[in-house]
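User: I'm new to reading protein models. Could you take a close look at one part for me, the open sheet, and then tell me how the chain around it is put together?

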Amino acid sequence: MSLPPPDLRPGEAADLAARTAARAADEGIAQIAYATVDSPVGRLVAVQTPRGLARLAYELVNGGLDEILDDVALRLSPAIVEAPGRLDLVRRELDEYFDGRRHDFDVALDWSLSHDGFRRRVLQECARIPFGATRTYKDMAIAAGSPTAFRAAGGALGSNPIPIIVPCHRVLSSSGGLGGYTGGLERKRTLLAIEGGLLM
Amino acid sequence: MTKPTARLPPFQRFLDVHCGDVLRYLVASVGRHDADDAFQETFLSALRAYPRLPADANLRAWVLTIAHRKAIDVHRARGRNPVPVAEIHDGAQPPASPAAADESSHSDHWERVRMLPTRQREVLTLRFAADLSHADIATALGCTEEAARRAAADGLKNLRKEIADVAATA
């Protein structure tokens, strides 16, 4: 005789899985929560730890959701769940920023996905560049304590795990050019335009 | 930098891949009413242990084994006096059309499985609702593969007999 498995209603298991994931994040059983956030520069993947926002990735630039999460699983922990509610503050601040209503971000940051030492110092200095201002790669090298290391400063900014909120788009080439950008130059231009500067 | 060749997927992907199988198994083994809670307990327990799991673990058999343990908890909590099938189906039931009888038969046969002796119930749900091999079932139950096969055969025999009895009295 045959014993076919019970039928489920469409979406029943997925709904239950979503509720379980939210509970895992709320009760602190999952160390890491993520959500996707739509924005004028494309869909973003935001990843949060108990310490704060650890990753804000351009979904299309960084190889897609799976690749972004695989990298976080490998470097931090595989205990990752999708929990949009845990990222409400990040989503709201980003929405306000893209609407031109927010100049500074208040979300806590977790630096654990940036390398220790010089690279992290460059990124932390970058986080202090005010809205609407720009700096050069040389400025950043000096601020991080190695005046001649402007090339390495560019590398550090290129590895920025939290772009937009750590505003590496505000760092330009000394020659007056845009320099590079982790999300592509078009996005750098868009972000600078939002901040009222520089339309080239 | 060298990356390990095998590594655990992010938990969310593991949850997405196995949620349907786990829910089907739990609906069969504890019934719809208790399946939701047991499902959540299963995946929360799994998550607690997940970061320490070897990357080459058989994730499907592992999570279904956890679900099996949660099902045991449900059956224990109900005490040793499960609600008899008769109580659910006695009384004035509207005469079912042949099509309706066909549709309801899936849930009916799992209700009957839930009335079987513990080991037979466990083996039949793990085999037919969770689609585990007899070897994985033996591991989950801590018995030999031969014992699992025997319990499955006994369970099916009892089930057939019961269905024949029901048909005879109908």
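Analyst: Here is a walk through the sheet, followed by its chain and two loop residues.

Keep in mind that this is a predicted model. The sheet you asked about belongs to chain A, where four strands form an open sheet with the order 3-2-1-4 and mixed pairing. What does pairing rest on? Strands of a sheet pair through backbone hydrogen bonds, and they can do that either parallel or antiparallel.

Now go to the edges. Strand 3 (52-58) and strand 4 (80-82) of chain A sit there, and each has a single partner strand, so one side of each has no neighbour in the sheet. The sheet isn't flat either: from one strand to the next, the twist averages 25°.

Let's zoom in on one of those edges. Strand 4 of chain A is joined to strand 1 (residues 32-37) of chain A by three bridges, and the two strands run parallel. If you'd like a pair to find on screen, try A:Ile32, whose bridge partner in strand 4 of chain A is A:Ile80.

Step back and the sheet becomes part of a longer story. Chain A has seven helices and six strands in total. Follow the sequence and you meet them in the pattern α-β-β-β-α-β-α-α-β-α-α-β-α. Along the principal axes, the C-alpha atoms of chain A take up a box of roughly 80 × 35 × 30 Å. Chain A is 200 residues long, and 38% of them count as buried. Contacts also reach across the sequence: take those in chain A with a separation of 6 or more, and 58% of them come from residues 24 or more positions apart.

Away from the sheet, there's a residue worth a look in a loop. A:Ile164 lies between helix 6 (150-158) and strand 6 (171-172) of chain A. Its phi is near 75°, a positive value, and the residue isn't a glycine. Is A:Ile164 buried or exposed? It has 21 other C-beta atoms within 10 Å, and the cut-off for buried is 20 or more, so A:Ile164 counts as buried.

Chain B offers a companion case. B:Asp131 isn't a glycine, yet its phi is positive too, at about 55°. You'll find B:Asp131 in the loop between helix 6 (118-129) and helix 7 (134-141) of chain B. Here 14 other C-beta atoms lie within 10 Å, so B:Asp131 is partly exposed.

Technical notes:
Residues are numbered from 1 along each chain as its sequence is written. Chains are lettered from A and ligands numbered from 1 in the order in which they are written. This is a predicted model: local features need pLDDT of at least 70, side-chain atom pairs count only at pLDDT 80 or more; totals for chains, interfaces and linings use all residues. A residue is buried if 20 or more other C-beta atoms lie within 10 Å of its own, exposed if 12 or fewer, and partly exposed in between; C-beta atoms are placed from the backbone. Two strands pair if DSSP finds at least two bridges between them. Axes are lines fitted to C-alpha atoms, for helices over the stretch in contact, and angles run from 0 to 180 degrees between N-to-C directions. Two residues are in contact if their C-beta atoms, placed from the backbone, lie within 7 Å.
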